[in-house]
Amino acid sequence: MSTYKPKNFKILKIIEETPNIKTFTLKPLDETKFNFHTGQFIELTVYGIGEAPFTPSSSPYETETIDLTIMRVGRMTEVLHSMKEGDIVGVRGPYGKGYPVEEFKNKEVLIIGGGVGLAPLRSLILTLIERISEFKKIILCYGARTPQDVVYKYIFPKWKKIKGLEILRSVDRCQVDEWDETIGVVTCLLDKINVDVKNTVAIVCGPPIMMKFTTLKLVEKKFKPQQIYLSMERNMSCGLGKCGHCQIGSYFICKDGPVFSWEQLKDIPEPFE
Amino acid sequence: MKIHINYKEFIDKLKEMFDKGDWISCSNSHFFKLQSINDFDKVELTTIRPTEPIKIFLFQYRSNIIENIKKNKTLFLLGVKNCDLQAIKVLDKMFISEYIDENYKNLRESIIIFSSDCPKPNQTCFCAILNSKPYIDNESYSTDINISFIDEKNLILESFSEKGEEILKNYFSNFAQPTKTDFEKRDSIRDFALKKILEFNNEFLKEEKKEKYYKTLKNTYELDNVWQKESEKCVQCGGCNFICPSCYCFLIREYSKSYNEKNRDRVWDVCHFTGYSRVAGGANPRKYKYQRFRNRYQCKFVYRYENFNFYACTGCGRCIEVCPAKIDIRKVIRNLLLAKGEEILV
């Protein structure tokens, strides 16, 4: 059953983003190209330890390698974080439906990320940057716990120079003089932006609690449920809508998601738990 | 093709077919593999489905998912009841519609089903209230040959597929067609069984009409207190999941020795277990017992109904028999209907 058999990928490069988040650049051992649609996820295997779903943070226009930004939280990621450049891991996929980028055309795209939730959004932003003239404007609101927890610190100076991409960042708390941008949870950034709600789509990714309050805030700001897109995460295990683990209502996140509109989820109990 | 045959002649014919494949009795209280032609005499076709779920032949408790299962030998399932055909319908929908699970497909294609009517239903049977019946007709899900009963000694064999037609032609061609009286006698046995099930369930539920269970179970989130009460006694042993012929969830276990010696298998999983939906870092979308309990009911009566337009519950009653806390799925649904103010006894 080739479907469940991962292909071997070599770890080319490891970047330490924060004390517990690393970005791994992977390349297929057989030198084939890896194609995916932004927002789709892959199943990453640490051989002998386990398998877990991750969404690539690299641009889908880059087909030689993929980047995965991974926080150390469980048994499998613990082992992964101890791995070195040159080690071999397994990848199968991509699975699911990604961001409906075509539907964002001629609209204002509001991207809201929290913590390591910026990983899939980075892939989306890189995609949007490639064709930036097709969108009215792009606004990124990013929140992290502390300035140390901000991922991709080296990318922001580059992004800030791009015309048509507006960036607002916040941290929940920090030392004196450590941060010259907003202090507070990410939702407070939504009060600072200027968007034409009727012609805007909002894309949210982050920890469950952040997704919940951001969605509530967007609804309060008169965003319609179909204008809000959420990147959902559960323990997608088979990737094919078979094993049942990521069931959310009558959807399987792996097959019908991981990107859902709030319209699809609003009637399901506790979608963010 | 339809033929009239007496029981002894039928068993003798099956004995002639013994070496055509492996034979499993699916009608006695437990499944068993027929070891010799004499074992055909032990098969009791009139009993209800066996204790174990029929999925064990298609989707084993534990199976390797790296290697392909090659199955060339035919597996004859003898005496499969309508509830188990319904279970195969759910599994087929999960494993060989949309995305094809090769191992399931190989096993599925190697199977020939001799289904049979279910004239002696049990107290725990409730297929008849779920739009199903204790016998097999054109509305039932795929079988190859069906065995129905005229009386103690006489049967009707009916083919429902090309494979079944071929078997009847090759082995049973010199038997007469059933008469009108044969069909009438059979129908009265069928009616009796159907009425019996409705009678057994009288105190719980009436026949499903107008998507009543779907609609009731879909909007029960405000009924947390009912779910909490119903799940109070549940010890989360997972018995109902394992014994359910249509529960198909599985867990993938990775234990490769290295990247060139890949090895992983899948085992049945249980949505009642705390760890089932837990994610790395410890967050759990279904933290509380009643949420997991509710999920199993909603999976069968709401989610799969929305996906497939039929219930993923077959009414076989295995979960009622297996539960150490004596939780009865029919009582749970009845109590929810009552809590919603639905009239259940119409």
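How many salt bridges does the rule find across the interface of chain A and chain B? The count there is two salt bridges. Keep in mind that this is a predicted model. Two contacts are covered here: the one between chain A and chain B, which buries about 3,400 Å², and the one inside chain A between its two domains, which buries about 1,400 Å².

**Where chain A meets chain B**

- Chain A puts 37 residues into this contact, and chain B puts in 45.
- Of the roughly 3,400 Å² that the two chains bury between them, 54% sits on carbon and sulfur atoms.
- One salt bridge to look up on screen pairs Lys255(A) with Glu98(B), where the closest N and O atoms are 3.4 Å apart.
- Besides the two salt bridges, there's a count of 21 residue pairs in polar contact between the chains, with both partners at pLDDT 80 or more.
- On chain A's side, three strands each chip in at least two residues: β3 (41-46), β4 (50-54) and β6 (88-95).
- The residues on that side of chain A split into 14 nonpolar, 14 polar and nine charged.

**How chain A is laid out**

- Chain A comes in two pieces: domain 1 covers 2-95, and domain 2 covers 101-231.
- If you take the C-alpha centres of these two domains of chain A, they're 24 Å apart.

**Where the two domains of chain A meet**

- Domain 1 and domain 2 of chain A bring 18 residues each to their contact.
- They bury about 1,400 Å² between them, and 57% of that is on carbon and sulfur atoms.
- There's one salt bridge between these domains of chain A.
- Want a salt bridge to find within chain A? Try the side chains of Arg122(A) and Asp67(A), which meet at 2.7 Å, N to O.
- The polar contacts between the two domains of chain A come to eleven residue pairs, again with both residues at pLDDT 80 or more.
- For domain 1's side of this contact, look at β1 (7-18), β2 (21-28) and β5 (66-71) of chain A, since each of these strands supplies at least two residues.
- Sorted by type, the residues of domain 1 of chain A that touch domain 2 are eight nonpolar, eight polar and two charged.

**A word on the areas**

- People often give the size of an interface as the accessible area lost when the parts come together.
- For this model, that figure is about 3,400 Å² for chain A with chain B, and about 1,400 Å² for domain 1 with domain 2 of chain A.

Methods
Residues are numbered from 1 along each chain as its sequence is written. Chains are lettered from A and ligands numbered from 1 in the order in which they are written. This is a predicted model: local features need pLDDT of at least 70, side-chain atom pairs count only at pLDDT 80 or more; totals for chains, interfaces and linings use all residues. Side-chain values use heavy atoms; hydrogens and water are left out. Domain bounds come from an automatic or database domain assignment. Contact means heavy atoms within 4.5 Å. Buried area is the accessible area (1.4 Å probe) that two parts lose on being put together, summed over both. A salt bridge is a side-chain nitrogen of Lys or Arg within 4 Å of a carboxyl oxygen of Asp or Glu. A polar contact is a pair of N or O atoms within 3.5 Å; within protein, one must be able to donate a hydrogen and the other to accept it, and residues adjacent in sequence count only if both atoms are side-chain atoms. Helices (H or I, at least four residues) and strands (E, at least two) are DSSP runs, numbered from the N terminus. Ala, Val, Leu, Ile, Met, Phe, Trp, Tyr, Cys and Pro count as nonpolar, Asp, Glu, Lys and Arg as charged, and the others, Gly among them, as polar.
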